[in-house]
Each structure stands twice: as structure tokens, then as C-alpha cells.
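Visitor: I've got a structure open and I'd like to learn how to read it. Could you walk me through it?

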Amino acid sequence: MKTFLQILFLLSLNLSLFAQDCYTEATQENIKSDYCQLWQERTFQGTIGEDNQRIEIRFVEIAKDSESHFKYHVKGKSRVKNHVCNFQGTMLIDQIMLLDEERRDCNEPDLSEGIIYGTYVLNESPDENHAGQFTGDFKSMFDQSPYGFKLNTAWFGQDGFNSFMGTWESYINTDSGYCAWSLQIPPSKKENLFKHYDEEFYLFNSKYLNKGWKTYVLANLNTFLKVPKNFETNETRSESDFMEFSEDEISKAVEAENIVWWN
């Protein structure tokens, strides 16, 4: 019998193969377009290190390079706990793929019109405490609108698109390790922070609530998150299998998540 993780892996693998079959190379024809709107003024949720510590990434300012159509200059802020660092760096587009709707089964509503693949190097200010460098690969799904390009937010999760997967390395010591972020459901190194449940929800592993996640989880509780009493079981659950939180706790969590910290 296949385990839940084996099934999840097979589903993500099939999804990746399906996506590859539906998209065609279109970099040279589309690289001159400006894709700043996909990332600017967006806040991404992520994990840093081995223990699923929450990190937030906010892209404050993005500008396309004046000479290279592949390069974007980035400014933003990172936050771990209450510690905020400024960063700046570059994003380089490696490939642009466009949806080929004429192919069989490639007109699914959740498929984006295009996918951008690239790399990033983001340098936190060395004048700040606990600063370092983020490096890695990114994938972004996009659609076109009357106002330009916009992110397609249909897929979330460890192998979903709209993700930045890489590492963070300290400037002053040997600290280096996993660091990745995405839109709503952040990736984690051991894939033990969230897992998909009942098509519409994700289950959160309560052992990591004290890693900066409690306000985030409570603010999104029953919208797309649930907190089971036993994260390990894969059986069908009843309402009594989930943790309960007071209306006051939830209200305070919503307020905390709405605080603007990147100004």
C-alpha cells in the first residue's frame, strides 16, 4: 500500500509532466516584455532552516534592467520573528514557456498562460544583524490581463509554481541552509509543515505553531487551513479531530497578520 507521501509525490510528478506536455518554449519571443508586476508589492511565506522557522519575503521594488531583457533589479525586505532586514539583488529569467491550448487536455482552467523559470541572488544589508544572502531558483505562473501580466495562483505547495527554492548563507559565520518561499502554502525542507487534505484544505503541523506560524494559521483557519490534533494520521477525519481556538485568539491573529511591517 502506498503511503500518503508516495501518493503526493506521484501526483506532483504527474502534474509536472502534464505541465511540461502543455507548454512550449517561447523565451526569445517574449523576453522583451516587462514582468515586474508579477512580484512587486507581494509578500511571500516561507521557511528557513531545518525546523520550519517562518520567514516572510516582501518585494518592495522591482525594475527591469535597461540593457538586459533577462535581468531584473530587486529591492525588498525579509522578516524572521520580529527581525526585519532590507535586501537588494537580481532575478535572471532563464526560460519562458507558453501554454499550447491546441494540445490535448491543455485547456484546463487551472493552467496558466505561461511559466517563467529563473534564478535569484538577494543580498541582505550587511549593516544589519543576522544578515546574509539568498540564492536559488524561482518559478512563476502568469496570465495576461487588461492591466498587464498577473500571477496565476491556482497551484500551491511544495512542488507548486510561484515558488523560490534555495538557500540562505550568513555573511559572518558558517550558517547556511535551506530557505524557500511561495505564495500561500510555503514549502518546507522535510515537507512536514503542511499537507493537502480533502481537496480544498491544507493540514498544518501544530508542532511548528511556535515557529512564527500561529497568527498565520489562525488568520487563515477554515479558509484553506485546518489544524489536526494528530498530523501523522492519514485517515478521514471528523470535526473532533481538529484543534479549536477561541474567537478572541483568531481575531487577534487576523490583526497581527494585517500589520504592515515592510514600510
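**Reading the fold**

Guide: Sure, let's begin with the overall make-up: the protein chain has four helices and 13 strands. Keep in mind that this is a predicted model.

Visitor: How much of the protein chain counts as buried?

Guide: Of its 263 residues, 44% count as buried. As for contacts between residues at least 6 apart in sequence, 57% join residues at least 24 apart.

Visitor: Let's talk about sheets. How do strands pair in general?

Guide: They pair through backbone hydrogen bonds, and the strands can run parallel or antiparallel. Here, take the open sheet of three strands, with the order 11-12-13 and mixed pairing. Strand 11 (194–197) and strand 13 (225–226) are at the edges with a single partner strand each, so each has one side without a neighbour in the sheet.

Visitor: How many bridges join strand 11 to strand 12?

Guide: Four, and the two strands run antiparallel, with strand 12 covering residues 201–204. You can trace the pairing residue by residue: histidine 196 sits opposite tyrosine 202, and tyrosine 197 has phenylalanine 201 as its bridge partner. The hairpin of these two strands has three residues between them, and there aspartate 198 takes a positive phi near 55°.

Visitor: Which other residues have a positive phi without being glycine?

Guide: Glutamate 41 is one of them, with a phi of about 60°. Glutamate 41 lies in the loop between helix 2 (27–30) and strand 2 (42–48), and it counts as exposed because its relative accessibility is 54%, over the 50% cut-off. Histidine 130 also has a positive phi, near 55°. You'll find histidine 130 in the loop between strand 6 (114–124) and strand 7 (132–145), exposed at a relative accessible area of 65%.

Visitor: Now pockets. What does rolling a probe over the atoms show?

Guide: With a probe the size of a water molecule, it shows where empty space is left. In this model, the second largest pocket has a volume of about 510 Å³. Its lining is made up of 22 residues, and Ile48, Gln53, Val80, His130 and Trp168 lie nearest the centre. So histidine 130, the exposed loop residue, turns up again here.

Visitor: Which strands each supply at least two residues of that lining?

Guide: Strand 3, strand 4 (71–80), strand 9 (163–170) and strand 10 (176–182) do. By type, the lining splits into eight nonpolar, nine polar and five charged residues.

Visitor: Let's zoom in on arginine 54. Is it buried or exposed?

Guide: Buried: its relative accessibility is 5%, and the cut-off for buried is under 20%. Arginine 54 is in strand 3, residues 53–64. Its side chain makes a polar contact of 2.9 Å with the side chain of glutamate 257. Leaving out residues up to four places away in sequence, arginine 54 touches several others, including Arg79, Val80, Lys211 and Trp213.

Visitor: And what about methionine 97, buried or exposed?

Guide: Buried, at a relative accessible area of 13%. Methionine 97 belongs to strand 5 (residues 83–99). Setting aside residues up to four places away in sequence, its contacts include Tyr23, Glu113, Ile115 and Tyr117.

Visitor: How far apart are the C-alpha atoms of methionine 97 and methionine 141?

Guide: They're separated by 9.5 Å, while the two residues are 44 residues apart along the chain.

Methods: Residues are numbered from 1 along each chain as its sequence is written. This is a predicted model: local features need pLDDT of at least 70, side-chain atom pairs count only at pLDDT 80 or more; totals for chains, interfaces and linings use all residues. Side-chain values use heavy atoms; hydrogens and water are left out. Buried means under 20% relative accessible area, exposed over 50%, partly exposed in between (1.4 Å probe, protein chains only). A polar contact is a pair of N or O atoms within 3.5 Å; within protein, one must be able to donate a hydrogen and the other to accept it, and residues adjacent in sequence count only if both atoms are side-chain atoms. Contact means heavy atoms within 4.5 Å. Two strands pair if DSSP finds at least two bridges between them. On a 1 Å grid over the protein atoms alone, a cavity is a set of points where a 1.4 Å probe fits but cannot get out, and a pocket is an open set with protein on both sides within 12 Å along at least five of seven lines; lining residues have an atom within 4 Å of a point. Grid points are joined across faces, edges and corners, and a volume is the space filled by probe spheres set on the points. Ala, Val, Leu, Ile, Met, Phe, Trp, Tyr, Cys and Pro count as nonpolar, Asp, Glu, Lys and Arg as charged, and the others, Gly among them, as polar.
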